[in-house]
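Please study the structure shown below before attempting the exercises. Each exercise sets a task and is followed by a worked solution.

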Amino acid sequence: MHTAQEIENAMRAVANPEKIKILSGFFKTGKGEYGENDIFIGVPVPVTRAIAKSHRDTPLAELVQLLHSPVHELRMAALLCMVEQFKHADDNQRTVLYETYLAHTDCINNWDLVDLTAAQIVGAYLEHRDHAPLYRLAQSKLLWEQRIAIVATWQWIRRGHFDDTLALADLLLHHGHDLIRKATGWMLREVGKKDKARLCQFLDSRYRDMPRTTLRYAIERFTPEERRHYMQR
């Protein structure tokens with residue numbers, strides 16, 4: 001069994017201070033930006049993932065301690081540990097991991113934290129259960145819960161199930177924040193990779209008044225001619 005302190009020690013041992021400024025700018029930590037007050041120590045995701053795998057047996061209570069850390073990479077390490085645990089857990093353990101994840105969405109407070117974990121925990125847990133929790137998340141006032149809702153469906157898109165992605169995309173289609181517009185467009189693009197006709201059917205009645213960011217992400221893999229068509233008002 002490992003501890004939160006052991007994970008933190010391992011992370012700080014490989015931290016690169018030269019990366020702090022780059023990461024702080026990339027994840028918008030300035031005053032008034034969505035990542036305001038987030039602290040970076042300079043650990044890239046592949047290194048964090050490796051540390052998470054090697055500390056997979058860390059008790060969940062210890063991981064929750066890390067989730068409350070002001071350091072971005074330590075929260076990431078905790079979440080990636082949870083993903084590793086979820087892969088090997090039984091149904092009861094998965095329920096606890098899922099509930100713990102959703103109980104701490106205020107700590108899952110940047111887009112990379114969501115994108116690397118929502119499908120693997122929330123999407124995987126709900127896949128063969130009632131999908132209603134995603135619709136509640138989509139209507140949350142918390143930006144990160146809304147992003148979790150749409151990104152969680154990536155788990156199902158991979159298996160050829162698109163209905164919830166498209167329904168949630170409709171709910172979030174005119175969202176005012178760029179992070180939700182990008183995530184929605186990204187998931188629509190993923191639908192198109194599996195079933196282009198289904199994506200076109202969705203876009204055909206909506207593209208004229210969709211946010212341009214969402215649309216650009218959705219049609220990124222289309223031909224130049226198709227992109228020109230859909231970008232017309």
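The exercises below treat burial, contacts, the nonpolar core, cysteines and salt bridges.

The model is predicted: local features need pLDDT of at least 70, side-chain atom pairs count only at pLDDT 80 or more, and totals for chains, interfaces and linings use all residues. Residues are numbered from 1 along each chain as its sequence is written, and side-chain values use heavy atoms, with hydrogens and water left out.

**Exercise 1. Determine which residues of helix H4 are buried and what covers them.**

Step 1. Helices are DSSP runs of H or I with at least four residues, numbered from the N terminus. Helix H4 comprises residues 60–67.

Step 2. Buried means under 20% relative accessible area, exposed over 50%, and partly exposed in between, with a 1.4 Å probe and protein chains only. In H4 the buried residues are Leu60, Leu63, Val64, Leu66 and Leu67. Because they cover an arc of only 155° around the axis, they lie on the same side of H4; the arc is that of the directions from the helix axis to the C-beta atoms.

Step 3. Contact means heavy atoms within 4.5 Å. The cover over the buried residues of H4 includes helix H1 (4–13), helix H5 (72–88) and helix H6 (91–103).

Step 4. Take Leu66 as an example: its relative accessibility is 4%, so Leu66 counts as buried. Leaving aside neighbours within four places in sequence, Leu66 is in contact with Ala4, Ile7, Leu74, Arg75 and Ala78. Leu66 and Ile7 are 59 residues apart in sequence, yet 8.7 Å apart in space, C-alpha to C-alpha.

**Exercise 2. Describe the largest nonpolar core.**

Step 1. A nonpolar core is a set of buried Ala, Val, Leu, Ile, Met, Phe, Trp, Tyr and Cys residues joined through side-chain atoms within 4.5 Å.

Step 2. The largest such core has 74 residues, and Met82, Tyr101 and Leu203 have the most contacts inside it. Helix H5 gives the most to this core, with 10 residues.

Step 3. Apart from neighbours within four places in sequence, Leu203 is in contact with Met210, Leu215, Ala218, Ile219, Phe222 and Tyr230.

**Exercise 3. Explain why Cys81 and Cys107 form no disulfide with each other.**

Step 1. A disulfide is a pair of cysteine sulfur atoms within 2.5 Å.

Step 2. The closest cysteine sulfur to that of Cys81 is in Cys107, 15 Å away, which is too far for a bond. The structure holds zero disulfides.

Step 3. Cys81 counts as buried at 1% relative accessibility, and Cys107 is buried at 6%.

**Exercise 4. Compare the salt bridges of Lys87 and Asp115.**

Step 1. A salt bridge is a side-chain nitrogen of Lys or Arg within 4 Å of a carboxyl oxygen of Asp or Glu. The structure holds 12 salt bridges.

Step 2. Lys87 pairs with Glu84, the closest N and O atoms being 3.0 Å apart. Both residues lie in helix H5, three residues apart, about one turn of the helix. Lys87 is partly exposed at 49% relative accessibility, whereas Glu84 is buried at 8%.

Step 3. Asp115 forms a salt bridge with Arg147, with the closest N and O atoms 2.6 Å apart. This pair links distant parts of the chain, Asp115 being in helix H7 (residues 111–115) and Arg147 in helix H10, 32 residues apart. Asp115 is buried at 9% relative accessible area, and Arg147 is buried at 5%.

How values were computed:
Helix = DSSP H or I, 4+ residues; strand = E, 2+ residues; numbered from the N terminus.
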